[in-house]
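Trainee: Hi, could we go through this structure together? I'd like to learn how to read it step by step.

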Amino acid sequence: MRNFMKVCDGINVSQIALQLKQKPHLWDQNKQRKEKSDSPHTAMSDIWIRYNDDTEAKASGDYSNFNKMHYPVWYPVISELPEIRNIAMALMGKMGATHLGGVLITKIPAGGHIKPHIDGDWHAKFYNCKLYIPLQSNAKCINRCEDEYVVMRDGECWYFNNLVEHEVMNNGDDDRMTLIVCMRVE
């Protein structure tokens, strides 16, 4: 495979999946990704755990410069899902990463679809290693990069090339929840 690589498996994600079910208020506190009219992410929900400090943008209501180059920060939600920091740091060590970028959780409902797209902004290029760790998945949730298809299982960690066209189709009966960790690997 050119665009997918299984990094490891056996990551214990059951506690995080349980916490997410117990804390529905964590979803969609930041809606910029899904509310843009041309967004491929309109059919999903997410939890932003680490990205650009949004204090000024929230206060002013002006997000026009929000996705410009920045040093990511942990959002307050990390205190409710602290195991995510441990997983991210362990994966940085495993991959030999030099910088930690954005960290988020996405949820695609049964029948949902992240439309085909290419992540071409500065964040995707600088943080050149994007890892998926399914927290809850199913055998009918399919990840595609170009002409390659993968079904990812709970607790596995997959690198994938987000600089080419990719999409996710959840044809199963359950939500698909995935932790996404972006990092720079020299």
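Mentor: We will start with the overall fold, then turn to salt bridges, cysteines and the empty spaces, keeping in mind that this is a predicted model.

Trainee: OK, so how many helices and strands does the protein chain have?

Mentor: The secondary structure of the protein chain consists of 5 helices and 11 strands. The C-alpha atoms of the protein chain occupy a box of roughly 45 × 35 × 35 Å when the box is taken along the principal axes.

Trainee: And how compact is the protein chain for its length?

Mentor: The radius of gyration of the protein chain is 15 Å, and the globule rule gives 16 Å for 186 residues, which is close, so the protein chain is as compact as a globular protein of that length.

Trainee: What percentage of the residues count as buried?

Mentor: Of the 186 residues of the protein chain, 53% count as buried. One example is Met183, which lies in strand E11 and is buried with a relative accessible area of 0%. If you would like a distance to find on the screen, the C-alpha atoms of Met183 and Val77 are separated by 20 Å, and these two residues are 106 residues apart along the chain.

Trainee: Switching to charges, how many salt bridges are there?

Mentor: The count comes to 12 salt bridges, and one of them is formed by the side chains of Arg2 and Glu146, with an N to O distance of 3.2 Å. That pair links distant parts of the chain, since Arg2 sits in the segment before strand E1 (4-8) while Glu146 sits in the loop between strand E7 (141-145) and strand E8 (148-150), 144 residues apart.

Trainee: Is Arg2 buried or exposed? And what about Glu146?

Mentor: Arg2 counts as exposed because its relative accessibility is 54%, and the cut-off for exposed is over 50%. Glu146 is partly exposed, with a relative accessible area of 34%.

Trainee: Which residue does Lys6 form a salt bridge with?

Mentor: Lys6 forms a salt bridge with Asp9, and their closest N and O atoms are 3.4 Å apart. Lys6 itself is partly exposed, having a relative accessible area of 37%.

Trainee: And what does the side chain of Lys58 meet?

Mentor: The side chain of Lys58 meets that of Asp54 in a salt bridge, at 3.5 Å from N to O. Here the two partners fall into opposite classes, with Lys58 exposed at a relative accessible area of 51%, whereas Asp54 is buried at 9%. Elsewhere, salt bridges that share partners join Arg2, Glu146, Asp147 and Glu148 into one network.

Trainee: New topic, how many disulfides are there?

Mentor: The structure holds 0 disulfides. Cys8 is in no disulfide, and the nearest cysteine sulfur, which belongs to Cys157, is 4.6 Å away, whereas the cut-off for a disulfide is within 2.5 Å. Cys8 is buried, with a relative accessible area of 17%. Cys141 is in no disulfide either, as the nearest cysteine sulfur, that of Cys145, is 13 Å away. Cys141 is buried too, with a relative accessible area of 1%.

Trainee: How much space is in the largest pocket, and which residues are closest to its centre?

Mentor: About 820 Å³ of space lies in the largest pocket. The pocket is lined by 37 residues, and the closest to its centre are Arg33, His41, Tyr51, Asp119 and Asp121.

Trainee: Which element gives the most to that lining?

Mentor: E4 gives the most to the lining of the largest pocket, with 5 residues. Several elements each supply at least two residues, among them helix H2 (32-35), strand E2 (45-51), strand E4 (99-108) and helix H5 (122-126). By type, the lining of the largest pocket divides into 18 nonpolar, 11 polar and 8 charged residues.

Trainee: How many cavities of 30 Å³ or more are there?

Mentor: There is 1 cavity of 30 Å³ or more, and the largest cavity has a volume of about 30 Å³. Its lining is made up of Phe4, Tyr132, Asn143, Arg144, Phe160, His166, Glu167 and Val168. E7 and E10 are the elements that give two or more residues to this lining, and the largest share, 3 residues, comes from E10.

Trainee: How do the residues lining that largest cavity divide by type?

Mentor: The lining of the largest cavity divides into 4 nonpolar, 2 polar and 2 charged residues.

Key: Residues are numbered from 1 along each chain as its sequence is written. This is a predicted model: local features need pLDDT of at least 70, side-chain atom pairs count only at pLDDT 80 or more; totals for chains, interfaces and linings use all residues. Side-chain values use heavy atoms; hydrogens and water are left out. A salt bridge is a side-chain nitrogen of Lys or Arg within 4 Å of a carboxyl oxygen of Asp or Glu. Helices (H or I, at least four residues) and strands (E, at least two) are DSSP runs, numbered from the N terminus. Buried means under 20% relative accessible area, exposed over 50%, partly exposed in between (1.4 Å probe, protein chains only). On a 1 Å grid over the protein atoms alone, a cavity is a set of points where a 1.4 Å probe fits but cannot get out, and a pocket is an open set with protein on both sides within 12 Å along at least five of seven lines; lining residues have an atom within 4 Å of a point. Grid points are joined across faces, edges and corners, and a volume is the space filled by probe spheres set on the points. Ala, Val, Leu, Ile, Met, Phe, Trp, Tyr, Cys and Pro count as nonpolar, Asp, Glu, Lys and Arg as charged, and the others, Gly among them, as polar. The radius of gyration is taken over C-alpha atoms; the globule rule is 2.2 Å times the number of residues to the power 0.38.
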